[in-house]
Structures are given as structure tokens and as C-alpha cells.
Amino acid sequence: MNRVATPKVQILTKLCKRCGICVELCPKEVFGTDDIGTPEVVRPDECTQCLSCELHCPEYAIEVVRPEE
């Protein structure tokens with residue numbers, strides 16, 4: 001049985017300004033936040049690689065790494 005690899009969503013916390021855009025725009029609610037509002041990937045298996053988070057991050061703090069085939 002072939003399993004589809006889950007994309008990896010990387011958050012560069014040093015660049016992140018905790019604006020919440022990624023959390024609000026994600027159609028699959030992949031992100032949550034910690035106690036101070038820093039985004040965290042809480043549901044990585046739900047990521048569909050739509051790139052909404054990566055494309056709309058004003059600080060370029062998110063990267064969606066596509067799994068190798």
C-alpha cells in the first residue's frame with residue numbers, strides 16, 4: 001500500500017511577527033497558536049499544499065516543503 005507523504009510546513013520563528021495571517025487563511029486549520037500567539041503546526045496531515053500560508057506571510061516566515069516523490 002502506497003502512503004502519500006505529508007508535506008512539511010516550516011515556521012521560521014525568528015522571522016515570525018505573530019500576525020496570525022497563516023492561522024486565519026488556512027482552509028484546513030493546520031495551524032494553532034501557543035500562549036503568546038506564535039503559530040504552530042498542529043495538524044500537519046491536513047495540509048493540502050495550497051501554499052496560502054506561504055504566499056501571504058508578510059515576513060516570509062513560512063515554507064511548505066513538498067515531499068519527494
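**View 1. Pro39 sits in strand β3 of this predicted model.** With a relative accessibility of 8%, Pro39 falls under the 20% limit, so it counts as buried. Who keeps this proline company? Setting aside neighbours within four places in sequence, Pro39 is in contact with Ile11, Cys16, Cys22, Val23, Phe31, Gly32 and Thr33. Lys17 is worth finding here too: its C-alpha atom lies 9.6 Å from that of Pro39, with the two positions 22 residues apart in sequence.

**View 2. Thr38 belongs to the loop between β2 (31-33) and β3 (39-41).** Being in a loop doesn't leave this threonine out in the open: at 11% relative accessibility, Thr38 counts as buried. Leaving out residues up to four places away in sequence, Thr38 touches Thr13, Arg18, Gly32 and Thr33. Gly32 and Thr33 may ring a bell, as both are also on the contact list of Pro39.

**View 3. Lys17 and Arg18 share a loop, the one between β1 and α1.** The strand before this loop covers residues 8-11, and the helix after it covers 21-25. Is Lys17 buried or exposed? Its relative accessibility is 57%, over the 50% mark, so Lys17 counts as exposed. Arg18 comes out at 44% and therefore counts as partly exposed. The backbone of Arg18 deserves a look as well: its phi is positive, about 60 degrees, although Arg18 is not a glycine. Arg18 is also one of the residues that Thr38 touches. For a sense of distance, pick out Pro67: 50 residues along the chain from Lys17, it has its C-alpha atom 27 Å from that of Lys17.

**View 4. Strands β1 and β4 run antiparallel, joined by four bridges.** Look for Ile11, which stands opposite Ile62 in β4. Each strand has a covered face and an uncovered one. In β1, Val9 and Ile11 make up the covered face, while Lys8 and Gln10 are on the uncovered one. In β4 (residues 62-65), Ile62 and Val64 are on the covered face, and Glu63 and Val65 are on the uncovered one. So which residues of the facing pair are on covered faces? Ile11 is on that of β1, and Ile62 is on that of β4. Ile11 also turns up among the contacts of Pro39.

**View 5. Tyr60 is in the loop between α2 (52-56) and β4.** Like the arginine of View 3, this residue has a positive phi without being a glycine: for Tyr60 the angle is about 55 degrees. How open is Tyr60? At 66% relative accessibility, Tyr60 counts as exposed.

**View 6. Asp45 is found in the loop between β3 and α2.** Its relative accessible area is 57%, which means that Asp45 is exposed. Where does Lys8 come in? Asp45 and Lys8 are 37 residues apart in sequence, and their C-alpha atoms are 9.0 Å apart in space. Lys8, you may recall, belongs to the uncovered face of β1.

**View 7. Stepping back, the chain holds two helices and four strands.** From the N terminus on, the order is β-α-β-β-α-β. The C-alpha atoms fill a box of roughly 40 × 20 × 20 Å along the principal axes. How does the chain compare with a compact globule? For 69 residues, such a globule would have a radius of gyration near 11 Å, so the 12 Å of the chain agrees with that. Of the 69 residues, 28% count as buried, Pro39 and Thr38 among them. Long-range contacts matter for the picture too: among contacts with a separation of 6 or more, 48% come from residues 24 or more positions apart.

**View 8. The surface of the chain exposes about 5200 Å².** Carbon and sulfur atoms supply 49% of that area. As for charge, the chain has 8 positive and 12 negative side chains. How far apart are the centres of the two sets? They lie 2 Å apart.

Methods
Residues are numbered from 1 along each chain as its sequence is written. This is a predicted model: local features need pLDDT of at least 70, side-chain atom pairs count only at pLDDT 80 or more; totals for chains, interfaces and linings use all residues. Side-chain values use heavy atoms; hydrogens and water are left out. The radius of gyration is taken over C-alpha atoms; the globule rule is 2.2 Å times the number of residues to the power 0.38. Buried means under 20% relative accessible area, exposed over 50%, partly exposed in between (1.4 Å probe, protein chains only). Contact means heavy atoms within 4.5 Å. Accessible areas come from the Shrake-Rupley method with a 1.4 Å probe; for residues, only the protein chains shown count as cover. Lys and Arg count as positive and Asp and Glu as negative; His and the chain ends are not counted. The place of a charge is taken as NZ of Lys, CZ of Arg, CG of Asp or CD of Glu. Two strands pair if DSSP finds at least two bridges between them.
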